[in-house]
Amino acid sequence: MGRNGSSPGPTGAIIGGMEMSDRGSPLPMGEMTVQKPRIKTERHCRDIPFLILFGLFWLGMVANSGFGWNQGNPRRLLYGLDYKGQLCEGEFDVKYWMNPNQVYDSGVVDNPFNIKDARAICLKSCPSTSANGTLGWVCDYPEGPITLTKDEWADQNYDYFDMLSAELKNTSLNLLGPCYPVLFNSSNLFWSCQLTASPSNESLARWTSLGGVSINQGEFIVKAIQDLLSAPGEIFKRYIADLENAWPVLVVCGGIAPLLLSIVWLVVIRLFAGVVTWITIIVLNFATIAVTVYFYVKAGWIGTNAISAVIGSDAVDALALETSHSMQNHLKIVAVIMTIISVIIVLITVVLIKRVFMAVAVLKVASKAIGAIPSLMVYPIFPAILLFLFFVYWMVTLLYLFSAGEITQNVCNNGCCAYDLLAGNVTCGGCCGYEFHHTKNIVWSIFYHIFGGFWTAAFINACSLTIIAGAVVSYYWVRGERALLPTFPVLSSTKRLLRYSLGSVAIGSFLVAVIQMIRFILEFIRNKLKAVEAAPGGCLISILCCCAQCCLGCIEWTLKFINRNAYIVIAIKGKGFFRAAAKASGLIINNILRVGTVNVLGDFVLFLGKACVSVASAFFAFLMLDEHRYKTGSNKVSSPLFPVLFSWIFGYSIASMFFGVVEMAIDTILLSFCIDCEENNGNARYAPPLLMDTLGRHARYEEERRSARLG
């Protein structure tokens with residue numbers, strides 16, 4: 001109940017003591033006693049055990065990160081290993097398979113020889129056959145009787161065949177080393193030398209004249225290396241390494257661009273809510289269609305001639321619409337995804353276009369609340385920066401954890417033999433290749449880190465929502481009177497969160513993280529069962545996984561919806577999480593017809609804005625990755641898919657922080673309205689006049705629709 005004669009208001013909340021007449025309308029300013037907003041002093045710290053758990057979990061995150069930084073090396077994800085188990089890095093960063101017969105044997109289906117056991121060495125560049133008819137060689141690293149330094153060896157094109165004794169020349173002619181002939185041209189493909197299917201005629205003739213053994217040739221040589229480089233594990237490692245190479249793109253398109261676009265959008269919608277809403281809808285539809293057409297061209301499904309007829313040949317050249325054949329398969333997947341997204345957005349726009357008018361009105365109410373508290377327009381910068389810095393830390397640590405592990409020699413029974421310069425003889429059975437393996441502890445560390453990413457991101461978002469809700473409720477419970485607002489509403493809300501409710505938001509974010517982790521593990525298991533899915537009857541596994549993901553997705557969406565409204569009740573009442581969630585759920589169920597449509601439509605319009613920002617961020621990232629610096633050299637990106645995807649994710653997350661101000665303002669005002677009505681016998685005593693007018697027009701609109709249907 002109110003104090004000092006004020007009308008009754010919600011207990012435990014920020015309220016304004018504004019006296020009412022007997023008819024329920026506010027008294028004129030000269031006839032009432034005004035109280036300043038106040039906070040119920042009976043608030044207590046809530047859900048402390050979960051706050052302690054979150055703190056202990058982060059101590060584990062720090063220890064886990066230190067382990068990853070100490071043990072990991074992200075270059076392991078991109079570069080290969082040589083015949084000594086050493087990483088190809090620095091100047092010698094290209095992996096070259098020396099024995100062509102071993103490469104051929106590994107490509108034959110029934111041959112047990114594995115390409116991973118073929119003798120490989122680290123070079124500065126892929127060797128090519130000589131154009132003057134001489135035979136080139138690539139020899140083992142200089143050691144033992146070979147007194148060359150590694151730099152001298154490289155300056156001689158890795159060739160010291162003429163320095164060998166007659167015995168060692170004979171073993172080399174039998175493909176036993178220490179020197180191996182360069183009979184095939186090769187090209188650098190993801191820092192591995194892709195051999196051609198046929199050897200050079202001149203080099204092969206010279207090899208034969210020297211008495212060299214028979215050389216196998218054919219498509220199996222090409223297939224062996226391509227199969228290795230196109231394996232899912234190798235592709236995924238290259239995708240992870242792409243994030244390291246494309247870090248400037250992630251900073252610009254995943255951080256700075258969405259930050260600036262979101263700030264501009266928030267300021268403009270504050271001033272022109274209706275106009276911006278319609279412009280957002282139109283721009284989103286045209287932007288998604290334009291991006292889809294762009295990917296169709298890059299994927300090769302639409303010729304550049306058709307595009308140049310519309311936008312001109314100069315524009316086609318400026319957009320660099322030509323792309324390599326190897327990248328088109330990835331771009332076709334992106335083009336299909338963009339097509340689905342475009343169709344969905346267009347259909348939703350057509351179906352709900354008549355109801356957008358109502359959403360515009362609600363946006364104006366929220367905009368007025370934000371205008372009364374200007375600090376809300378700049379507040380999202382802080383959680384957005386915090387979230388971005390956390391994502392950078394999380395991604396860097398994930399790279400190190402994923403690259404931590406042991407390099408061990410394979411166990412093979414292929415009978416391979418090679419000359420050992422240090423031992424001075426040909427050894428057999430010990431020439432198996434080396435591979436990088438994750439230990440069980442590292443696997444658990446990676447899963448721990450991934451769950452920490454889910455939980456922390458949800459926690460930062462939950463804190464931001466609760467602070468926004470706390471500021472907006474101070475606007476509602478003084479009927480929108482700026483003179484009665486606290487001096488610093490956002491700062492006051494932040495203090496209440498830090499002092500009383502951090503444990504509550506830790507619970508809500510933990511529940512969301514658990515569902516997200518279950519979905520991640522399910523998808524991880526599904527990828528491990530790809531071979532089973534391809535077998536007869538394996539489609540059942542695909543169906544079950546899809547159904548499980550769909551159900552978990554619905555649960556996650558419902559949980560986030562409940563959490564948002566629980567945070568509003570926490571901001572108003574100061575309750576613990578579970579009591580606040582129960583209170584919010586009851587209010588929504590009892591008032592679903594009153595606020596449901598308005599809430600959904602408002603969220604839809606804001607979703608369009610978030611989609612615009614995220615799509616623009618992804619599109620800018622793709623344009624940046626299309627530059628020459630990301631196609632060659634040490635910064636080469638194997639595919640734009642992962643950097644573009646992460647730019648989209650970062651862009652959407654940051655946009656959600658800013659648009660969440662308006663979104664949370666709508667939800668907070670509507671839920672406060674429900675509490676107001678509940679505590680005042682169905683009459684909203686504290687609702688701002690603009691809100692009452694908006695809800696009244698909505699009720700008349702629904703009544704007219706019902707009458708038209710009945711008539």
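These exercises work through the packing, rings and backbone of a predicted model.

Residues are numbered from 1 along each chain as its sequence is written. Local features need pLDDT of at least 70 and side-chain atom pairs pLDDT 80 or more, while totals for chains, interfaces and linings use all residues; side-chain values use heavy atoms, without hydrogens or water.

**Exercise 1. Overall make-up**

Task: State how many helices and strands the protein has, and what share of its residues is buried.

Solution:
- Count the elements: the protein has 23 helices and 10 strands. These are DSSP runs numbered from the N terminus, helices being H or I of at least four residues and strands E of at least two.
- Turn to burial: 52% of the 711 residues are buried. Buried means under 20% relative accessible area, exposed over 50%, and partly exposed in between, with a 1.4 Å probe and protein chains only.
- Add the surface: the accessible area is about 32,600 Å², and carbon and sulfur atoms hold 63% of that. The areas come from the Shrake-Rupley method with a 1.4 Å probe, and for residues only the protein chains shown count as cover.
- Check the contacts (heavy atoms within 4.5 Å). Among those with a separation of 6 or more, 76% join residues 24 or more positions apart.

**Exercise 2. The nonpolar cores**

Task: Give the number of residues in the largest nonpolar core, and name those with the most contacts inside it.

Solution:
- Fix the term: a nonpolar core is a set of buried Ala, Val, Leu, Ile, Met, Phe, Trp, Tyr and Cys residues joined through side-chain atoms within 4.5 Å.
- The largest core has 103 residues. Those with the most contacts inside it are Ile373, Leu376, Tyr476, Val505, Tyr567, Phe658 and Val662.
- Another core of 51 residues lies apart from the largest one; Leu78, Leu148, Tyr180 and Val182 are among its members.
- Look at Phe658 in detail. Beyond four places in sequence, Phe658 touches Leu259, Ser262, Ile263, Leu266, Met377, Pro380, Ile381 and Ala384.

**Exercise 3. Rings around Tyr294**

Task: Which parts of the chain does the pair of tyrosine 294 and phenylalanine 622 tie together?

Solution:
- Start with the total: the structure holds 31 aromatic pairs. Rings of Phe, Tyr and Trp (its six-membered ring) pair if their centres lie within 6.5 Å; planes under 30 degrees apart are stacked, over 60 edge-to-face, the rest tilted.
- Tyr294 and Phe295 pair edge-to-face, at 6.1 Å between centres and 80° between planes.
- Tyr294 also pairs with Phe622: the centres are 5.7 Å apart and the planes at 90°, so this pair is edge-to-face.
- Place the partners: Tyr294 lies in helix α9 (residues 273-299) and Phe622 in helix α21 (residues 592-625), so the pair ties together parts 328 residues apart in sequence.
- Check burial. Tyr294 is buried at 6%, and Phe622 is buried at 4%.

**Exercise 4. Helix α1 and its partners**

Task: Against which helices do the buried residues of α1 pack?

Solution:
- Helix α1 (residues 48-71) has 24 residues and spans 35 Å from first C-alpha to last, close to the expected 34 Å. The expected span is 1.5 Å times one less than the number of residues.
- Its buried residues are Phe54, Phe57, Met61, Asn64, Ser65 and Gly68.
- An α-helix has 3.6 residues a turn, so residues three or four places apart point the same way.
- The buried residues of α1 pack against α15 (381-402), α16 (440-476) and α17 (489-528).
- Ring pairs link Phe50, Phe54, Phe57, Tyr448, Phe451, Trp455, Phe459 and Phe510 into a cluster.
- α16 is mostly covered, with 30 of its 37 residues buried.

**Exercise 5. Asp140 and the backbone nearby in its contacts**

Task: Is aspartate 140 buried or exposed?

Solution:
- Asp140 lies in the loop between β3 (136-139) and α3 (150-155). At 2% relative accessibility, Asp140 is buried.
- Its contacts beyond four places in sequence include Tyr83, Arg119 and Pro178.
- Arg119 lies over the face of Tyr83, 3.9 Å from the ring centre. A charge sits over a ring if NZ of Lys or CZ of Arg is within 6 Å of the centre and within 35 degrees of the ring normal.
- Pro178 is joined to Gly177 by a cis peptide bond, with omega about 10°.

**Exercise 6. Positive phi**

Task: Which is buried and which exposed, asparagine 157 or tyrosine 158?

Solution:
- Most residues other than glycine have a negative phi.
- Phi is near 60° for Asn157 and near 65° for Tyr158.
- Asn157 lies in the loop between α3 and α4, and so does Tyr158.
- Asn157 is exposed at 55%, whereas Tyr158 is buried at 6%.
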